[in-house]
Amino acid sequence: MADTTETTPGWLSRDELESTRARMPILYVDAVPVRVDDSGEVTHVGLLLRIGPDGTVSRTLVSGRVLHHERVRDALLRHLEKDLGPVALPRVPASLQPFTVAEYFPTKGITPYHDPRQHAVSLAYVVPVAGDCRPRQDALDLVWLTPHEASSPQLQQEMPGGQGVLLKQALAHVGCLT
């Protein structure tokens, strides 16, 4: 029998992840990428265009799991680079206080957030990015919208699992909703 060495610590096999998801909440980070002007006011919000497992097209935020023994700051940077590219130049805040904590449930209606796979707790951040963003991994495109466009009801409906609610909370947090 050959020994195998785990070269990426913190990753679970597909079976281990499914088993864990069925038993306990998983920690995630959500990031709302924004462009800001010289005075620090948000001018644009970046949303990813993705195709879901069921073939539906939707707008999403940058999101992903925090690995075992990984700092939240490192997870946030890893997911921003994974989705926006290596030269997005995110400016993660010095204080990692999230603007909200979103709790996703596999059962709809408990909170505005829904993930049919699991119970997940996500720390949500607004992160200014200054560089060139080019979507990677499973993201098809990245579209920059004004805060007014991003808060439209039509766009909110294009965002799965309650991420539209999370986006509106982010916009309110940075003073973009009237």
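**Exercise 1. Classify Leu 89 by its accessible area, then describe its backbone and its place in the chain.**

Step 1. Leu 89 has a relative accessible area of 52%. Buried means under 20%, exposed means over 50%, and partly exposed lies in between, with a 1.4 Å probe and protein chains only. Leu 89 is therefore exposed.

Step 2. The phi of Leu 89 is positive, about 55 degrees, although Leu 89 is not a glycine. Most residues other than glycine have a negative phi.

Step 3. Leu 89 is found in the loop between H2 and E5. Helices (H or I, at least four residues) and strands (E, at least two) are DSSP runs, numbered from the N terminus.

A note on the model: it is predicted, so local features need pLDDT of at least 70 and side-chain atom pairs count only at pLDDT 80 or more, while totals for chains, interfaces and linings use all residues. Residues are numbered from 1 along each chain as its sequence is written, and side-chain values use heavy atoms, with hydrogens and water left out.

**Exercise 2. Do the analysis again for His 69.**

Step 1. His 69 is not a glycine, yet its phi is positive, about 70 degrees.

Step 2. Find the loop. His 69 lies between strand E4 (62-65) and helix H2 (72-84).

Step 3. Check the surface. The relative accessible area of His 69 is 79%, so His 69 is exposed.

**Exercise 3. Describe the largest nonpolar core and name the residues that touch the most other members.**

Step 1. Start with the rule. A nonpolar core is a set of buried Ala, Val, Leu, Ile, Met, Phe, Trp, Tyr and Cys residues joined through side-chain atoms within 4.5 Å. In soluble globular proteins, nonpolar side chains tend to be buried together.

Step 2. The largest core holds 23 residues. Val 32, Val 45, Leu 47, Leu 166 and Leu 167 touch the most other members.

Step 3. Trace the core to its elements. At least two residues each come from strand E1 (26-36), strand E2 (42-51), strand E5 (100-104), strand E6 (120-128) and helix H5 (163-173).

Step 4. Look closely at Val 32. Leaving out residues up to four places away in sequence, Val 32 touches Val 45, Leu 61, Phe 99, Tyr 125, Val 126, Val 127, Leu 167 and Ala 170. Contact means heavy atoms within 4.5 Å.

Step 5. Now look elsewhere. A second, separate core has 18 residues, including Ala 75, Leu 76, Leu 84 and Ala 88.

**Exercise 4. Explain why Cys 176 is not bonded to Cys 133.**

Step 1. A disulfide is a covalent bond between the sulfur atoms of two cysteines. The test used here is a pair of cysteine sulfur atoms within 2.5 Å.

Step 2. The closest cysteine sulfur to that of Cys 176 is in Cys 133, 17 Å away, so the two are too far apart for a bond.

Step 3. The whole structure has zero disulfides.

Step 4. Compare the surroundings. Cys 133 is buried, at 12% relative accessible area. Cys 176 is partly exposed, at 23%.

**Exercise 5. Count the salt bridges and study three of them.**

Step 1. A salt bridge needs a side-chain nitrogen of Lys or Arg within 4 Å of a carboxyl oxygen of Asp or Glu. The count is seven.

Step 2. Arg 78 pairs with Glu 70 at 2.8 Å, N to O. Arg 78 is partly exposed at 25%, and Glu 70 is buried at 19%.

Step 3. Asp 74 pairs with Arg 71 at 3.2 Å. Asp 74 is partly exposed at 32%, whereas Arg 71 is exposed at 52%.

Step 4. Asp 83 pairs with Lys 82 at 3.0 Å. Asp 83 is buried at 0%, and Lys 82 is partly exposed at 24%. Shared partners join Arg 50, Lys 82 and Asp 83 into one network.

**Exercise 6. Summarise the whole chain.**

Step 1. The chain has five helices and seven strands. Their order along the sequence is α-β-β-β-β-α-β-β-β-α-α-α.

Step 2. The C-alpha trace spans about 60 × 35 × 30 Å along its principal axes.

Step 3. Of the 178 residues, 40% are buried.

Step 4. Take contacts with a separation of 6 or more. Residues 24 or more positions apart account for 65% of them.
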